[in-house]
Amino acid sequence: MNHIDKTVAARRGGKPFGAALLCGASSLALGLMVLASPAAAQDADPETEATEVDELVVTGIRASLRSAQAIKENSDVFVDAITAEDIGALPDRSVTEALQRVPGVSISRFAGANDPDHFSVEGSGVVVRGLTFVRSELNGRDTFSANNGRDLSFADVPPELLGSVEVFKNVSADMIEGGIAGTVNLNTRKPFDSSGRVIAASLETNYGDLEQSLTPTISALISDRWETPAGEFGVMVSGVYSALDSRSDGLQSLNYRLDSSSGSDLWTPSGLAFRTQSFERERTGVAAAGQWRSNDRTMIATAQFLRSESTQAWTENAIETIVDDTNPRSPLPGTTWEYDDSGIFTGGTITSNAGWRSADPSVPLDGIQHSFVKRGVDQRYVTSDYGFNFKWSPTDRLRLNFDAQYVESTVENTDFQIANSFFAVDVLDLTGDTPTLTLLPPNATGSGDINAYLADPANYFWRNAMDHKEDSEGEEYALRADAEYDLDNGWLESVKVGARFAERDQTTRNSLYNWGVISELWNGATGPVWLDQGSVPTPRLTGGLSGAGTFDFSGQGVPITAYGYAGNPGADYDDAVAFALAMNAIWGGGGWVPLAQRANVIPGTEYTPGEINETNEQTTAAYALIKFNNNAEPIWGESIGISGNVGIRYVETQISAEGGLSFPTQAQVFTGDCSAPPAPGGSIPAFCLLTPAQQAAALAFATGTSIPNSAKHTYDNWLPSVNLKFQLTPSFLMRFGYTQAIRRSDLGLTRNQLQIAPRVIDNVFLGFEAQAGNTFLNPIKSEQFDLSAEWYFAPTGSVTLSVFTKTLEDVITNGFYERTITNNGQTYDVYVRGPANASEDGDIQGFEIAYQQFYEDLPGWMSGFGIQANYTFIDSSGVPQENLDPGKANPGGTEPAIDTSLLPLESLSEHNFNFAAIYENEKISARLAWNWRSEYVLTTRDEIVPFAPIYADDTGQLDGSFFYTVNDNFKVGVQGVNLLDETTQTFQVLNSELLMAPRSWFKNDRRFSFVVRATF
């Protein structure tokens, strides 16, 4: 798509286009129904379907699709499901990748929304119906990762441990609140799911064509059940170890600058970057379950345990033009820059010339400064979940349910980079599908061999270091009780009531990215610390080659070999710190210091008070639900079976955040003499314009002290819900759902640390201000409607159409609020920039169409063919952008470069599509699965200059699997991911007209797994 098309697409998200597609959805669904094979349109037996879902013993793709279809058809709410075989047989190596197959669900391929420079090989950022407000559950209970968010990191859970995954699009009153976008429930297996003893094992070898290394995945399960005089008992234990090595390569054109001197707006990149990341991911998991059922079948008890540990280590080697400088860029003499019709740079040679750069005369005056960045990251996520459930039916009509849970989670992260610097001339050709990038020597003509220049360590100096750490833990206790009584009174089927209490304690420690200089050009007398003296005649500061090594970027398509830091800064943190400090000491000190040596850290830690967030959240909920059913036999045109539920849920939330208040000093408020006349041409200071009483109050408030503070906030919500099912024939039904839902803020946004400062605007003293989190946030609220038509014409054949709309209020965004604070007898309404509830409402609307069928009436071997496909359209209007980072002490961060209300909602793709071609018979099970999503706003604010919004281009990925059944006990197969070697591209938004320029091109491994499975 060219730049003009990009501009149009970015601005196209209005209602006329969405309305046109919405109006056509019914016609398309009817067309699919007509295409469905009439011979296959036989009514499914609901009782048979339900029995199979209860057992959850499925073999092959056909059986798993049948199980998932039954879950959807028989549910009281809007839900889609993936059963165990879908995760095991699809080429999906993580829960996140499996979720992208579900209608209305999309995932990102980047490490984080605010990090568009680093790829995520197995996917991240689950989005349901255009929103990231997704709640996570494990076996129907709350679960989370102890970062500054609220939910579980799905990619860190081993998919081998799961029996099914359910995606709930709306809720009923008996479901836990919190999922405005949807609720993703991960179900582990239980012993009573199987009819008897089951022993299963799987051995896989994983290979990536870029990283070119083999890694194993080993999983095993044993489950059994016994009848005894004391009742029936069952035990299940499963475990998995999974390792994956992979690689991602990126090419970039960075930080476009506007030049209007020619009379036309021309946009030129400040430079380039090429980078490669090597990933080492390990996941280990253990799941166990024990069950007991009484002989009279009135009682059943279930105890479950899951421990999931995910570690990911990655190293990055990158060469980047330094783009936050103000040095002008120019074409290399004798060359010109090329632009397209929109004024976007398409190719040329970029250099810069300075009359003076350093006191060191060996510093080149031509070329642009570059960094070789060596970065190492070590992450470890651990979540342990303990659950107990007891169900008792004391009478034929009364059913009781008791449930208890304890979950604990820890997150650890070490992220460290060391960079050295050199000068070069940039050459970019952006006209192809992927760019061509290279460098030239830093001289007036760019002449000479760049690799010969870069082979000399005397051309590099050590420039900067940056470390970041996270060390967080959280735990939650939850208790619930439910009672359901069958009324057997006409339409009224049963009444259900229940209550739940949960308490979550969490402490997150998340440092800033601690950047500092090791040495630089501007050390007045000496210049930087070079790697080597070389043949330079003038004396230099040198650090030697003990910490340096070379890296060859030709594997990334850039024929460059350069010197960088030789070690792994993340894995060998202490050694890297010692090296960086030693180089800085040669420079004379006064530069970077590691996190623990910063002046304002809490003694004995690596964190400042503002980087620690201690929160406690208690929720108390109660609900009442009435189920109804007219028990009519559905006969088209004569009678309709009507069933459903109506309920109300009440929930009270109490949140407290421990922190502190830091007050300004009197010198920050005012230093000087108000009786002295202003300097010629000057003005009277703002403080002196206050009355004496106001001056005294401001100075009294400014004690320069820091005091601990506890902020507390309580709110409650009434959440009604209605779910109706209209069974028009035994195979055709319609649903309607109405729900009011809430989404509580990410815990990182509630941090309670205020660094207070005087607020002066236009020489008017307005009191005091701060940048901080907000403990007093109210939840986001949603009023949502769902409507569907669903035709189940075969056990594995269906066509469904779902239409949805959500109206959101109190959306949490980067804004302002006032907080009343008293200090030293003086009270001020402090003006705080940070998370706030928006006053504007917004809407999300769209539809989903899904179709699946096996063509069983085709002759012979062709009867094994099947198709599974779905399409989702999503549109938004008026929903405020979040523009927040819950991991930062100041979640508001730097303001985006443009008005983000001009952009579509972050992470929302208008169009999402899945298509799977399937073939299965008694011996062969094969699938090719294509997933595609249209362009979307990856982030409204990049983390680097110029803090511009970044778009991710439309992208698709083809995955496949082929399995052969050797006998009743063994299967062998191969799975492939990213078979077409997809390039993922991003664009930088340049201005308020939403003109875009190409920014990044990423490629990652084509991954293959060779699998042996055994079941006894």
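**Contacts of F274 in the predicted model.** In this predicted model, F274 touches G250, L251, N317, A318, I319, L439, F553, V558 and I560, leaving aside residues up to four places away in sequence. F274 is also among the residues with the most contacts inside the largest nonpolar core, which has 49 residues, and shares that standing with I418, W462 and I560. Helix 8 (residues 573-587) contributes the largest share of this core, namely seven residues. A second core of 41 residues is separate and includes V157, I180, L777 and I844.

**Antiparallel pairing of strand 12 with strands 11 and 16.** Strand 11 (residues 266-293) and strand 12 (residues 299-321) run antiparallel and are joined by 21 bridges, with A289 having Q304 in strand 12 as its bridge partner. The two strands, 11 and 12, form a hairpin with five residues between them, and R297 in the turn has a positive phi of about 60°. Strand 12 also pairs in the antiparallel sense with strand 16 (residues 368-392), over 23 bridges, and here the bridge partner of T311 is R380 in strand 16.

**Positive phi at Q212, in a loop.** Q212, although not a glycine, has a positive phi of about 55°, and its place is in the loop between strand 8 (198-208) and strand 9 (214-228). With a relative accessible area of 56%, Q212 is exposed.

**Positive phi at N255, within a strand.** Most residues other than glycine have a negative phi. The phi of N255, however, is positive and near 50°, and this residue lies in strand 10 (residues 231-259). N255 counts as buried because its relative accessibility is 9%, under the 20% cut-off.

Definitions and conventions
Residues are numbered from 1 along each chain as its sequence is written. This is a predicted model: local features need pLDDT of at least 70, side-chain atom pairs count only at pLDDT 80 or more; totals for chains, interfaces and linings use all residues. Side-chain values use heavy atoms; hydrogens and water are left out. Two strands pair if DSSP finds at least two bridges between them. Helices (H or I, at least four residues) and strands (E, at least two) are DSSP runs, numbered from the N terminus. A nonpolar core is a set of buried Ala, Val, Leu, Ile, Met, Phe, Trp, Tyr and Cys residues joined through side-chain atoms within 4.5 Å. Buried means under 20% relative accessible area, exposed over 50%, partly exposed in between (1.4 Å probe, protein chains only). Contact means heavy atoms within 4.5 Å.
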